[in-house]
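These are my notes on the model, set out point by point. Please read them with the structure open.

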Amino acid sequence: MRADMDGTGTALLRAVLGDRTEGALNMLELGPRLQAETDDHVDRHMLAMALNIALFDDLLTRVPSGSEYVSERLERGERIVFDHGALRTIRFPEGPTGALPAGEAAFTRILKPLGYELSGTYPLPRLKMTGRSYAFADAPEELPQFFVSELHVEEFSETFAAAAHRVFDSSQDPLSEEVVQALAELEEGKTLTLPRAQRVLVDCLAAFDRQHSEPTISDYEILREESGEAAWIATEGNAFNHATDRVEDVEALSEAEREAGRPIKDRVEVSASGRVRQTAHRAAQIRRIFVNDSGRKEELNVPGSFYEFITRDVDPESGKLDLGFDSGNATGIFAMTRSS
């Protein structure tokens, strides 16, 4: 069933997507709304749906292989089951990341008011990171999850930490006080008028972007030498690292994508339980602005975001779809954004 976005929901999305709204609404197979909207007021479910749709649309504008794949699916009359989106954050041991709350707190302050709750914690020791999944509390199978990872700066060298501060200390906070207050009201179970909800959506969508200044080439190289993930955050910030399509048979899909000539990962990642199987396109190559040693702006090619695929089986103990993640799978998938 396609997400039942009535006139209020469409108007909400139009605030960030404009003339792309109808196309974005038709791409995704999302669950039915929990409550009907009849009076131009927006609850957290509708706002969460709108944010997910806008983030998926944004990812496709930055990942040509994903956009091509989705277009082919739509031409066949199919829609995408949006399983989860992933983002990366920086955590300094001494506190905030510039003007942003430390690490994932910059996003839990958004996700929790929208009805999401922590559903799993996944250590990523090889990457010196921790991943956490957040599911929509009222209906975890209906809306996409968020996989939010933190990179732990204190686990790297002092040279790395100094470069990380030079890059990320300039981070600004995209959320206005008005929007923070509106989110607090949503967390209390209140609804927002459509104009207030539109302002919340605009600010929340802006949070999924780079909030710091262009890095210097030298600092970027220092970060990349110890962590491809930190280098990625230096250019892309907190943008969606990837969006994931839930498919029936990821192995068959992988072969089909390879035959179609799209840049699919060499092998499928399989969870320890065997119930969660994932693969992905390799990251899009993009141009980003850096500051060189002379203080001038310079463009370089770097890895951007990518499109992922996942198959989930039913957990025999619960009888429900296994919505969990796997540290080994995540570590393998994260490699898609490392520079060659």
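1. Start with L186. Setting aside neighbours within four places in sequence, L186 is in contact with V42, D43, R44, L47, P113, L114 and L192. Bear in mind throughout that this is a predicted model.

2. L186 is found in helix α7, which covers residues 177–187. This leucine is buried, with a relative accessible area of 1%; the cut-off for buried is under 20%. One of its contacts, R44, is 142 residues away along the chain, and the C-alpha atoms of L186 and R44 are separated by 6.0 Å.

3. L47, another contact of L186, also takes part in a helix pair. Helix α1 (residues 7–17) packs with helix α3 (residues 44–62) at an angle of about 40°, and their axes are 10 Å apart. That angle makes α1 oblique to α3, since angles under 35 degrees would count as roughly parallel and 65 to 115 as roughly perpendicular. The crossing of α1 past α3 is right-handed.

4. Which residues make the contact between α1 and α3? On the α1 side they are T8, G9, L12, L13, V16 and L17. On the α3 side they are M46, L47, A50, I53, A54 and D57. Sorted by class, the contact has nine nonpolar residues, two polar and one charged. The charged residue is D57 of α3, because Asp counts as charged. The two polar residues are T8 and G9 of α1, because Gly is counted among the polar residues and Thr is not listed as nonpolar or charged. As a general point on spacing, an α-helix has 3.6 residues a turn, so residues three or four places apart point the same way.

5. Turn next to I90 in strand β2, which runs over residues 82–91. Is I90 buried or exposed? I90 is buried, with a relative accessible area of 5%. Leaving out neighbours within four places in sequence, I90 is in contact with T97, A102, G103, L151, V153, F168 and I233. The C-alpha atoms of I90 and A230 are separated by 7.8 Å, although these residues are 140 residues apart along the chain.

6. The last item is helix α12, residues 327–334. Six of its eight residues are buried, so α12 is largely enclosed by the rest of the structure. The buried residues are N329, A330, T331, G332, I333 and F334. At the N-terminal end, α12 is capped by D326, with a side-chain oxygen 2.9 Å from the backbone nitrogen of G328.

Key. Residues are numbered from 1 along each chain as its sequence is written. This is a predicted model: local features need pLDDT of at least 70, side-chain atom pairs count only at pLDDT 80 or more; totals for chains, interfaces and linings use all residues. Side-chain values use heavy atoms; hydrogens and water are left out. Buried means under 20% relative accessible area, exposed over 50%, partly exposed in between (1.4 Å probe, protein chains only). Helices (H or I, at least four residues) and strands (E, at least two) are DSSP runs, numbered from the N terminus. A polar contact is a pair of N or O atoms within 3.5 Å; within protein, one must be able to donate a hydrogen and the other to accept it, and residues adjacent in sequence count only if both atoms are side-chain atoms. Axes are lines fitted to C-alpha atoms, for helices over the stretch in contact, and angles run from 0 to 180 degrees between N-to-C directions. Angles under 35 degrees count as roughly parallel, over 145 as roughly antiparallel, 65 to 115 as roughly perpendicular and the rest as oblique. A crossing is left-handed if the near helix is turned anticlockwise from the far one by less than a right angle, and right-handed if clockwise. Contact means heavy atoms within 4.5 Å.
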